[in-house]
Amino acid sequence: MQPRNMSMSGVVDLAAVKAAGDAKQKAEQARAEAVRTGAAPVSGTALVFEVDEAGFEQDVLQRSNEVPVVVVFWADWCQPCKQLAPVMERLAEEYAGKFVVARIDVDASPMLAQQFGVQGVPAVFAVVAGQPIPLFQGAAPQAQIKQVLDQLVQAAEQQFGIVGAPVEAAGDAAEQPAAEEPVGPYDALLEAANQALDSGDLGGAIQAYQNVLSDDPANPEAKLGLAQAELLRRVQGLDPQAVRKEAAEQPADVAAQIRAADLDLVGGHVEDAFGRLVDAVKRTAGDDRETARLRLLELFEVIGADDPRVIAARTALARVLF
């Protein structure tokens with residue numbers, strides 16, 4: 001049986017991913033051209049925004065699946081809040097999209113302050129994959145805040161695979177050289193890789209996708225294709241009945257759970273695959289936990305970061321890690 005026939009066609013759509021990637025690339029090119037020619041202003045104001053109770057779910061919770069959201073609770077009568085505000089704005093521009101800052105007025109949104117357990121202002125939290133994480137309280141020194149933010153950015157990337165989109169800070173446009181044109185196109189290479197994948201030549205497909213990524217590491221279709229090809233290669237030769245029996249009999253065996261999760265995903269049982277690995281992360285510690293978490297992130301790549309099932313699994317992962 002060819003690996004491509006293992007129900008993967010119902011899980012991912014390479015054509016749709018390619019179209020989305022092309023649209024994103026065109027939008028980024030248009031934005032870069034507008035910045036280069038001065039047709040569009042560049043500012044860091046989008047990195048810092050006000051949030052109320054009505055917009056919290058969309059602006060903070062949903063956004064936290066794409067970028068860490070630093071939540072600053074403040075009040076107009078609070079003098080330390082006024083000291084902290086410009087520091088957070090400067091750091092948001094300095095980190096250029098690695099996190100965003102959501103400011104919440106505790107007097108205007110008391111329910112949010114209560115839900116976060118705010119005892120005094122300013123109080124600073126982070127939300128990653130829908131999970132709140134306390135950071136610090138009071139107007140801390142900038143150097144200390146940067147240490148906390150560095151840890152946040154690293155944890156979001158390494159534990160959840162969540163990274164923010166690079167944003168050009170205010171005033172940088174005049175100082176930066178014009179953006180280079182994206183390398184490519186790779187239509188012929190990607191088509192060859194896709195054909196190799198469809199024919200069951202997994203080694204050839206993997207090499208072809210890696211060739212594209214060596215020049216264009218962010219290419220969405222190549223990343224997805226590589227993750228899919230590697231998954232299919234992992235399940236080659238596995239006996240599904242034996243794998244599932246072993247996983248059921250040995251719930252603490254991380255390797256057995258990983259093999260079963262791979263088969264779940266190939267069979268189109270996405271939630272089962274994710275849930276199995278989240279449970280494995282919850283039950284284990286040390287190297288076993290890290291192995292299960294990394295495989296879960298790899299499976300996220302197969303499905304795509306914007307898929308609701310990935311977003312839900314990231315939130316579940318955050319609950320067991322924090």
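## Exercises on a predicted model

Leu197 counts as buried, since its relative accessibility is 0%. Leu197 sits in helix H6, which covers residues 187-199. Keep in mind that the model you are looking at is predicted. Let's work through some exercises together.

### Exercise 1: a separation along the chain and in space

Find how far apart the C-alpha atoms of Leu197 and Ala208 are.

*Solution.* Start with the chain: Leu197 and Ala208 are 11 residues apart along it. Then turn to space, where their C-alpha atoms are separated by 9.9 Å.

### Exercise 2: the disulfide

Work out which cysteines form a disulfide, and describe their link.

*Solution.* Step one is to count: the structure holds one disulfide. Remember what you are looking for: a disulfide is a covalent bond between the sulfur atoms of two cysteines. Step two is to find the partners, which are Cys78 and Cys81. Their sulfur atoms are 2.4 Å apart, and the cut-off is within 2.5 Å. Step three is the handedness: the angle about the S-S bond is 85°, and the link of Cys78 and Cys81 is right-handed. Finally, check the surroundings: both Cys78 and Cys81 are buried.

### Exercise 3: helices H7 and H8

Decide how H7 and H8 are oriented to each other, and name the residues that make their contact.

*Solution.* First, recall that two packed helices are described by the angle between their axes and the distance between the axes. Helix H7 spans residues 202-215 and helix H8 spans residues 220-235. Their axes come within 9 Å and cross at roughly 155°. Angles over 145 degrees count as roughly antiparallel, so H7 and H8 are roughly antiparallel to each other. As for handedness, H7 passes H8 in a left-handed crossing.

Next, list the contact. H7 contributes Leu202, Ala205, Ile206, Tyr209, Gln210, Val212 and Leu213. From H8 come Glu221, Ala222, Lys223, Gly225, Leu226, Ala229, Glu230, Leu232 and Arg233. Sorted by class, the contact of H7 with H8 has 10 nonpolar, two polar and four charged residues.

### Exercise 4: helices H9 and H10

Repeat the reasoning for H9 and H10.

*Solution.* Helix H9 takes in residues 240-249, and helix H10 takes in residues 254-266. The two axes cross at roughly 135° and come within 8 Å. This angle makes H9 oblique to H10. H9 passes H10 in a left-handed crossing.

The H9 side of the contact consists of Pro240, Val243, Arg244, Glu246 and Ala247. On the H10 side you will find Ala256, Gln257, Arg259, Ala260, Leu263 and Asp264. By class, the contact of H9 with H10 has six nonpolar, one polar and four charged residues.

### Exercise 5: backbone details in loops

Locate the cis peptide bond from Val121 to Pro122, then compare the surroundings of Ala96 and Ala129.

*Solution.* Begin with the peptide bond: going from Val121 to Pro122, omega is near 0°, and the bond is cis. Pro122 is in the loop between helix H4 (110-115) and strand E4 (123-128).

Now take Ala96. Its phi is near 50°, a positive value in a residue other than glycine. Ala96 lies in the loop between helix H3 (79-95) and strand E3 (100-105). With 24% relative accessibility, Ala96 counts as partly exposed.

Last comes Ala129, whose phi is near 55°, again a positive value in a residue other than glycine. Ala129 is placed in the loop between E4 and strand E5 (131-137). Its relative accessible area is 0%, so Ala129 is buried.

Definitions and conventions:
Residues numbered from 1 in each chain as written. Predicted model: local features only at pLDDT ≥ 70, side-chain atom pairs only at ≥ 80, totals over all residues. Heavy atoms only, no water. Buried < 20%, exposed > 50% of the residue type's maximum accessible area, 1.4 Å probe, protein only. Axes fitted to C-alpha atoms, helices over the stretch in contact; angles between N-to-C directions. Helix = DSSP H or I, 4+ residues; strand = E, 2+ residues; numbered from the N terminus. Parallel < 35°, antiparallel > 145°, perpendicular 65-115°, else oblique. Left-handed = near helix turned anticlockwise from the far one by under 90°. Contact = heavy atoms within 4.5 Å. Nonpolar A, V, L, I, M, F, W, Y, C, P; charged D, E, K, R; others polar.
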